[in-house]
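Please open the model in a viewer and keep the selection panel at hand. The stops below are arranged so that each selection prepares the next.

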Amino acid sequence: MEPRPPPEAVRLCCDRMLAGLARWLRAAGYDTTVAAADETDRAIAERCCEARRVLLTCDRHLAAHPPAGLDVRRLIVNDADAQALQLAQALGIDWTLAPFTRCLLDNTPLREASADERAGMPPLARELQGPYRACPACGRVYWPGSHVRRMARRLAQWREQAAHEHDPVRHRQPMR
Ligand SMILES: [Zn+2]
């Protein structure tokens, strides 16, 4: 068995059914793409192999017969908490790796928001402590409002859940 790469080196691709999970992975700081609507399994597999992305899928057939060289993991549960634990155990996903450093919409690494961008935020957001970050691709500005704080709490819970899981066999989901 190859040694597990460090968490920050893990790159992922979610199939279309797991687009919601992709947002959570981006929120945690993971480089995560989502398969395009018109992309064939073969095209997805080639793209993942080339970029060394682990493909997360709900597709039983694809997971059972992965193209050569493709690391594919099948998520069989449709529950975010269970998926979070499964990914922590199977891939070493650290849910608090680098929270809110990537755009949730397009996966682009965020940069610090400019003074102009901060000036365009709602007044209540401007009164927060920050950090204020912006997406260079789509222009969306991120601030630690209630929605971001709720997501951050859930990420922290997932990390706790994984850290305190002493009986991995009981919770282990078949991966292929
Ligand atoms: Zn963006």
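The model shown is a predicted one.

**Stop 1: the zinc site**

Select the zinc ion together with Cys103, Asp106, Cys135 and Cys138. The protein donors are the SG atoms of Cys103, Cys135 and Cys138 and two OD entries for Asp106, at 2.1 to 2.7 Å from the ion. Along the chain, these donors follow the spacing C-x2-D-x28-C-x2-C. Cys103 belongs to the loop between α4 (80–91) and β5, and Cys135 to the loop between β6 and β7; the pair links distant parts of the chain, 32 residues apart. Are Cys103 and Cys135 buried or exposed? Cys103 is buried, at a relative accessible area of 0%, and Cys135 is likewise buried at 0%.

**Stop 2: the sheet β5-β6-β7**

Next, colour the strands β5, β6 and β7. These three strands form an open sheet in that order, with antiparallel pairing. β5 (111–112) and β7 (141–142) are the edge strands, each of which pairs on one side only. Between β5 and β6 (residues 133–134) there are two bridges, in the antiparallel sense. To locate the register, select Arg111, whose bridge partner in β6 is Ala134.

**Stop 3: helix α2**

Move to helix α2 (residues 41–51) and select Ile44, Ala45 and Cys48, which are buried. Where do the buried residues of α2 fall when seen down the axis? They lie within an arc of 100°, so they line one face of the helix. In general, an α-helix has 3.6 residues a turn, so residues three or four places apart point the same way. Rotate the view to find Arg42 and Glu50, exposed residues on the face of α2 turned away from its buried side. Adding β1 (11–14) and β3 (54–57) to the display shows what the buried residues of α2 pack against. After α2 comes Arg52, with a positive phi near 55°.

**Stop 4: the nonpolar cores**

Now select Leu12, Leu25, Leu56, Leu87, Ile93 and Trp95. Of the 30 residues in the largest nonpolar core, these touch the most other members. At least two residues of this core come from each of β1, α1 (19–28), β3, α4 and α7 (146–163). The element that gives the most is α1, with six residues.

Centre the view on Leu56. Beyond its neighbours within four places in sequence, Leu56 is in contact with residues including Leu12, Leu18, Leu21, Leu25, Arg73, Leu75, Leu87 and Leu91. A second, separate core has nine residues, among them Cys13, Ile44, Ala45 and Val72. Two of those names, Ile44 and Ala45, were met above as buried residues of α2.

**Stop 5: the tryptophan cluster**

Finally, select Trp24, Trp95 and Trp158, which ring pairs link into a cluster. The whole structure contains two aromatic pairs. For Trp95 and Trp158, the ring centres are 4.9 Å apart and the planes stand at 70°, so the pair is edge-to-face; the cut-off for that class is over 60 degrees. Trp95 is in the loop between α4 and β5, whereas Trp158 is in helix α7, so the pair ties together parts 63 residues apart in sequence. Trp95 is buried with a relative accessible area of 0%, and Trp158 counts as buried at 2% relative accessibility.

Terms used
Residues numbered from 1 in each chain as written. Predicted model: local features only at pLDDT ≥ 70, side-chain atom pairs only at ≥ 80, totals over all residues. Heavy atoms only, no water. Pairing = 2+ DSSP bridges. Helix = DSSP H or I, 4+ residues; strand = E, 2+ residues; numbered from the N terminus. Buried < 20%, exposed > 50% of the residue type's maximum accessible area, 1.4 Å probe, protein only. Arc of directions from axis to C-beta. Contact = heavy atoms within 4.5 Å. Donors = N, O, S within 2.8 Å, 3.2 Å for Na, K, Ca; no water. Core = buried A, V, L, I, M, F, W, Y, C linked by side-chain atoms within 4.5 Å. Phe/Tyr/Trp six-rings, centres within 6.5 Å; stacked < 30°, edge-to-face > 60°.
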